[in-house]
Each structure stands twice: as structure tokens, then as C-alpha cells.
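Work through the exercises below with the sequence and the structure at hand. Each task is followed by its solution.

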Amino acid sequence: MTLQEIAAVVGGAVHDAPAAVTVTAPVVFDSRHVEPGGMYVALPGERVDGHDYATQATEAGAAGVLASRPVGVPAVVVEDVPAAYGRLARAVVDRLSQTTVIGVTGSVGKTSTKDILAQVLPTWGETVANRASNNNELGLPYTVTRATANTRYLVLEMGARGIGHVAYLTRIAPPTISVVTRVGHAHLGEFGSVENIAQAKGEIVEALPDAHDGGLAVLNADDALVAAMASRTSARVLTYGIDNPADVRAENLTMDELGRAGFRLTYDGQAAEVRLRLYGLHQASNALAAATVALGLGLGHTIEAVADAVSRADAVSPGRMQVTTRRDGVTIINDAYNAAPDAMRAALRALHTMTGDGRRAVAVLGEMAELGKHAAQVHREIGQQVAEIGAGWLVAIGGADAAQYTAGAAGNGTTVDRAANVAEAWELLRDGLRPGDVVLVKAANSAGLLTLADKLIEEPGAVTA
């Protein structure tokens with residue numbers, strides 16, 4: 001698109017450039033990620049103003065800048081940069097006539113489900129998906145502008161911190177297929193109730209076209225709040241489940257000694273075996289969601305093709321159940337990208353499974369965020385679960401909520417330590433870990449435990465499992 005075309009789409013004006021200058025690469029909001037021919041989105045921030053990096057972006061090859069004021073280099077100037085970014089992404093989607101947009105949301109499991117889909121769908125067509133968790137009003141437009149006319153499937157994880165957020169994202173990229181994984185307690189403090197979370201997540205199925213226009217809702221039958229979303233759409237509905245009756249099911253669920261699930265995938269009288277490379281029993285549900293999308297699309301001539309594609313998926317987003325075994329025999333489970341109560345419980349169950357051979361389970365837990373008035377109780381319950389799974393050592397990092405972890409686990413045979421920050425935790429773990437330990441590192445992203453996980457993996461050198 002030329003800068004003039006972009007200006008027309010977003011309601012802006014071209015400055016400091018001929019209108020014929022053309023953008024031919026993704027539109028990014030981080031100047032370090034500019035590609036030649038791309039566009040840089042200058043966002044004002046509390047500490048850093050993106051407009052200060054406009055010249056640097058053009059020197060790196062950007063054809064132009066989306067900005068709220070003239071910046072002395074080719075630019076489209078608008079009143080509201082994030083809103084214009086969304087309008088530009090919508091214009092891109094409207095040009096992708098051969099592309100199926102697949103939206104994925106849920107309190108937990110959405111990133112893993114998106115990652116599995118991003119590895120399954122390329123078997124049948126070029127696929128673009130969010131990198132890591134770029135799932136908000138900035139990350140979603142960035143992902144959209146990475147798509148081309150050759151993109152067959154555009155997989156978009158959609159996050160929310162309030163009612164109306166998912167609806168906004170679906171207006172940027174209207175989905176033909178929507179997936180809802182589970183309604184849990186993530187961001188409970190912001191939403192106020194689980195029912196409000198369900199209301200917000202269900203906006204993704206309300207955005208679907210009718211069944212005769214190809215709309216498909218993929219819903220988790222094991223979550224009553226998700227299953228109830230079928231009434232909010234006129235699209236075709238396919239349910240998936242492990243515990244409850246569903247259109248697509250995982251039967252005969254098993255776990256190997258490394259905590260990887262296997263199951264019999266069944267659909268429409270067909271069945272095939274799935275053996276996951278992903279760690280944790282909860283990944284079975286995420287894999288089942290991805291398989292349901294593929295089956296709903298009618299991909300592959302047999303269910304075996306779908307089962308095989310799902311079985312080959314790996315953990316690809318940083319800090320999402322990534323397992324590394326060091327040369328000294330210590331295994332690190334890096335699940336430190338983020339943490340909601342349901343995800344924390346699932347990770348602890350995975351830790352328990354992976355220490356079934358008598359190895360010591362070590363839980364390194366930072367505080368969870370955005371739980372509001374429920375924070376103390378939920379952290380204490382997680383501490384109790386640490387003790388219930390028989391963890392040998394708990395290192396709780398943070399302040400008052402971390403203290404609730406230790407209170408919940410204390411007196412039940414688990415050694416408990418507190419650390420005020422990552423540096424203190426590192427000192428404890430460096431001296432206290434022993435060969436054979438299996439260490440789960442998990443917390444809200446704001447706790448900064450990704451750096452701790454990296455240090456643990458690097459010391460004293462690691463070999464990926």
C-alpha cells in the first residue's frame with residue numbers, strides 16, 4: 001500500500017514524503033524489528049516516546065512512520081495511533097480474500113493452542129500466527145500485517161482485560177473460526193467475576209458468520225461456561241472434550257514418565273493415536289482444540305493425518321512449559337512467562353508427574369497478578385497444592401502474596417523458603433539444587449522469573465531434553 005492509500009484507510013495525512021512511497025513489509029511498533037520496506041508505528045509512552053525513534057526506523061529501512069505528529073521523515077500523521085494501527089490491519093485483512101482467520105481466546109491454554117495450530121496448519125497451507133503472546137490491540141495488528149496474499153491460515157490469539165476487548169480485536173480481524181479454550185480466574189481482579197470473564201471471552205463467537213457462510217465455533221465441552229457459548233452464535237459448533245461428551249474427544253488418556261500425554265483422538269466414527277511432545281496433562285486439551293479446528297476445516301484425507309500433525313508440535317513460545325535438563329541432571333521446567341491460578345495448578349500437576357520416579361520436585365513460584373480481593377486466598381491454595389503434590393522444596397518469591405504460598409505449604413513436609421526478589425532466589429537455588437531435581441519456575445510475567453529460569457538453565461550448562 002502507498003502512504004496515500006494508508007492515509008485514506010486510517011484517516012490521516014502524508015507528511016514529508018511523496019504519496020507514492022509504498023509499504024511492502026510488516027508494520028511494527030518496535031523500531032528494532034523494522035524490516036526494509038516496512039512501516040514503524042510511533043507510540044507515545046510514559047517513559048519513552050516512540051516518535052523519538054522515527055529517524056532510526058527509516059534508517060533501518062522503514063518506508064514510513066505512523067505517527068501522531070510530523071517527525072521529519074516520511075509519515076502518515078493521525079490523531080490516534082493505536083486506533084489507526086487497527087484500521088490499517090483491518091484493511092489488510094479485507095485484502096486477504098483467500099485467507100481463513102482463526103481466532104483463539106480463553107483464560108488459559110490460548111497461547112499453547114495457538115502454537116499448536118501454527119505447527120499443524122502449515123501441513124495444508126501457509127500459516128501466520130502471533131509470535132509469543134502478541135495478542136492485544138498492538139500485537140494483533142502487527143501479526144495481521146505479517147500475512148501476505150499467499151497466507152492460507154491466519155491464527156490470531158486474542159487476549160482481554162475487560163468486556164469489549166475481544167470484540168474490538170474481532171472488528172480488526174473478523175474470524176471465520178473461533179476457539180474458546182477455558183474460562184478461568186486469570187485477570188479476575190479486573191473482570192470482577194468469572195461470569196464477566198465468560199461474557200468477554202464469548203465475544204469471539206458472537207463475531208462469527210453464520211454456518212452457511214462458513215462460521216465455526218470450537219468450544220471446550222469440559223468447561224460449562226465455554227460450552228454455553230454455543231447459544232451466542234449462529235455458526236456451526238464443534239465441541240471437544242476429555243471428560244464430557246463432545247464431537248471430538250480424547251479417549252484412553254495416558255501420561256509417560258516425562259509428563260507427556262497420549263490419547264486416542266476420535267471424531268465422526270474415526271479414531272487415531274496421538275502422542276504429544278508437549279509436557280503436562282493440560283496440553284492434551286490444547287492439542288484437542290487444535291485437532292478440532294483441523295477436523296472442522298476438513299483437512300487431510302484421514303484423521304490419522306491430523307493426529308500425526310498434532311503429535312509433532314513442540315513448545316515454541318518462550319517460558320511456556322519448556323523443559324531443559326542440565327548436564328548435572330537438574331531438569332528445569334520454564335513456565336515463567338505468565339501465571340493464572342488454573343495454569344499454576346496445571347503446571348504443578350505436571351511437576352508431580354515428572355517426579356514420579358522419586359526425583360525431588362522443586363517449586364519456584366513468583367506471585368500471580370490481577371486477582372484483586374481473591375489474591376491472598378488463591379495464593380494460599382496454590383501453596384497447599386505444592387504440599388499436596390509432595391514437593392520437596394518451595395521457593396516463594398515476592399511480598400505478601402508469596403508469604404501466602406509459604407503459609408499454605410508449611411507444616412506438610414515441604415521445605416519452605418522465601419526470597420524477596422530474583423537475586424535472593426538465585427542465591428538459594430544455586431546452593432540448594434542437587435542432581436536429579438525437577439524445578440518448576442512459574443509466576444506472573446511482571447515478577448521477572450524468565451530471567452531466573454534462564455540463569456538456572458545456563459548454570460552449569462544445559463542439554464535440551
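**Exercise 1: an aromatic pair**

Phe29 is partly exposed, its relative accessible area being 29%. The model is a predicted one. Find the ring that pairs with Phe29, classify the geometry and state which parts are joined.

Solution. Step 1: the count of aromatic pairs comes to one. Step 2: the partner of Phe29 is Tyr142, with 6.2 Å centre to centre and 85° between the planes. Planes over 60 degrees apart count as edge-to-face, so the Phe29–Tyr142 pair is edge-to-face. Step 3: Phe29 lies in the loop between strands E2 (27-28) and E3 (39-41), and Tyr142 belongs to helix H5, so the pair ties together parts 113 residues apart in sequence.

**Exercise 2: the surroundings of Tyr142**

Decide whether Tyr142 is buried or exposed, and find the charge over its ring.

Solution. Step 1: the relative accessible area of Tyr142 is 9%; buried means under 20%, so Tyr142 is buried. Step 2: Arg146 places its charged end over the Tyr142 ring, 5.9 Å from the centre.

**Exercise 3: the covering of H6**

List the buried residues of helix H6 (residues 165-172) and name elements that cover them.

Solution. Step 1: the buried residues of H6 are Val166, Ala167, Leu169, Thr170 and Ile172. Step 2: their cover includes helices H3 (81-95), H5 (139-144), H8 (194-201) and H9 (203-206), together with strand E6 (100-105).

**Exercise 4: the largest core**

Which residues touch the most other members of the largest nonpolar core?

Solution. Step 1: among its 42 residues, these are Ile102, Leu117, Phe263, Leu265, Leu288 and Val310. Step 2: helix H11 (residues 283-296) gives the largest share of this core, nine residues.

How values were computed:
Residues are numbered from 1 along each chain as its sequence is written. This is a predicted model: local features need pLDDT of at least 70, side-chain atom pairs count only at pLDDT 80 or more; totals for chains, interfaces and linings use all residues. Side-chain values use heavy atoms; hydrogens and water are left out. Buried means under 20% relative accessible area, exposed over 50%, partly exposed in between (1.4 Å probe, protein chains only). Helices (H or I, at least four residues) and strands (E, at least two) are DSSP runs, numbered from the N terminus. Contact means heavy atoms within 4.5 Å. A nonpolar core is a set of buried Ala, Val, Leu, Ile, Met, Phe, Trp, Tyr and Cys residues joined through side-chain atoms within 4.5 Å. Rings of Phe, Tyr and Trp (its six-membered ring) pair if their centres lie within 6.5 Å; planes under 30 degrees apart count as stacked, over 60 as edge-to-face and the rest as tilted. A charge sits over a ring if NZ of Lys or CZ of Arg is within 6 Å of the ring centre and within 35 degrees of the ring normal.
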